[in-house]
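Hi everyone, thanks for coming. Let me put the structure up on the screen, and then we can walk through a few spots together.

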Amino acid sequence: MRNSKNDTHTSDKSVEALESVTKSQAEIEVEELKVQLAEMQKLIESMASNQDQNTSKTKDTDGIFVSDIQDPIPSNKLIQIISMVSGGLNLEANGKKINIPDFGNTIQITFEDLRAAYNHTPKIIDDGWLLIQSEEAVKYMYLEEKYKKFVSKKFIENIINLPKDQIVETLKGLGTVAQKTSIDLIIKGLADKDDKYSDMNKLHVISEFIGQDINELAKNR
């Protein structure tokens with residue numbers, strides 16, 4: 001006769017063993033699933049990162065490369081330039097000496113010589129010693145931003161025609177070269193006894209601005 005108690009005990013152990021095996025297997029599967037999910041998450045993050053980098057590169061390079069649509073300017077093309085300094089202006093280009101006698105005088109030089117003069121002495125253009133009278137050349141040499149701060153020959157000549165309270169403010173707003181040229185032009189006009197420069201009130205505020213009697217400077221010119 002079989003012992004029912006023993007059979008029951010054996011059966012319970014089998015169930016426990018089965019549950020233990022089943023539980024262990026389930027835990028293993030869960031761990032494997034976690035690993036797979038982690039790897040998948042890394043893959044997704046990697047793909048997203050690559051996409052962001054590609055987008056960033058596209059944004060970074062967008063607008064950097066300028067379409068090369070400008071036709072080259074022939075090196076022998078004549079370009080007109082105007083002196084914006086009082087007294088003579090000497091340029092050096094390709095071993096040649098080029099002179100512009102005085103403020104407001106214009107000459108023509110080749111585009112090749114213009115670039116050579118600029119390369120030799122950049123401040124002749126950067127500081128406004130001369131003005132290139134060719135919009136094409138200014139654009140080709142990438143000088144447009146610099147030219148936004150320059151004033152014309154006519155502007156300098158007409159400063160004396162402004163009301164006295166505007167003359168000093170205008171002089172203050174000019175670059176160093178244009179300011180010096182403007183004052184030199186007034187001194188020259190006084191020395192030449194030009195009626196345009198006869199307003200004593202204007203001359204007084206200019207004298208205060210430069211810290212010297214402009215009439216005396218004209219006498220000693």
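Right after helix 8 ends, K193 adopts a positive phi of about 60 degrees. Keep in mind that we are looking at a predicted model. K193 does this although it is not a glycine. The residue belongs to the loop that links helix 8 with helix 9, which covers 200-210. Is K193 buried or exposed? Its relative accessibility is 71%, so K193 counts as exposed.

Let's step back into the helix itself. Helix 8 is built from 16 residues, and from its first C-alpha to its last it reaches 23 Å. That is close to the 22 Å expected at 1.5 Å a residue. Its buried residues are V177, A178, T181, S182, I183, D184, L185, I186, I187, G189 and L190. What do those buried residues pack against? Their partners are helix 6 (153-157), helix 7 (164-172), helix 9 and helix 10 (214-219).

Now look at A191, in helix 8, which runs over residues 176-191. A191 has 31% relative accessibility, so this alanine counts as partly exposed. Beyond residues up to four places away in sequence, A191 touches A218 and R221. A191 and A218 are 27 residues apart in sequence, yet their C-alpha atoms are 4.9 Å apart in space.

On to the core. In soluble globular proteins, nonpolar side chains tend to be buried together. Here, the largest nonpolar core has 49 residues, and the members that touch the most others are L114, I125 and I132. Which helix gives the most to this core? Helix 8 does, with seven residues. The core also takes at least three residues from each of domain 1 (78-148) and domain 2 (153-220).

I132 is a good one to click on. Setting aside neighbours within four places in sequence, I132 has contacts that include I79, I81, L114, I125, V138, M141 and Y147. Q80 is in contact with I132 as well.

If you like polar side chains, go to D126, which lies in helix 3, residues 123-126. Which side chains does D126 join through polar contacts? One is Y118, at 2.8 Å, and another is K146, at 3.4 Å. With neighbours within four places left out, D126 is in contact with Y118, K146, K149 and F150.

Next, another backbone oddity. Y142 has a positive phi of about 55 degrees, and Y142 is not a glycine. You will find Y142 in the loop between helix 4 (135-140) and helix 5 (144-147). With 64% relative accessibility, Y142 counts as exposed.

Last stop, the hairpin. Strand 2, residues 89-93, and strand 3, residues 96-100, run antiparallel and are joined by five bridges. How many residues sit between the two strands of this hairpin? There are two, and N94 in that turn has a positive phi of about 55 degrees. At this hairpin, A93 stands opposite K96 in strand 3.

So, if you want places to revisit on your own screen, try K193 just after helix 8, the D126 contact with Y118, and N94 in the hairpin turn. Happy to rotate the view for anyone who would like another look.

Technical notes: Residues numbered from 1 in each chain as written. Predicted model: local features only at pLDDT ≥ 70, side-chain atom pairs only at ≥ 80, totals over all residues. Heavy atoms only, no water. Helix = DSSP H or I, 4+ residues; strand = E, 2+ residues; numbered from the N terminus. Buried < 20%, exposed > 50% of the residue type's maximum accessible area, 1.4 Å probe, protein only. Contact = heavy atoms within 4.5 Å. Polar contact = N/O pair within 3.5 Å; in protein donor to acceptor, adjacent residues only side chain to side chain. Expected span 1.5 Å × (residues − 1). Core = buried A, V, L, I, M, F, W, Y, C linked by side-chain atoms within 4.5 Å. Domains from an automatic or database assignment. Pairing = 2+ DSSP bridges.
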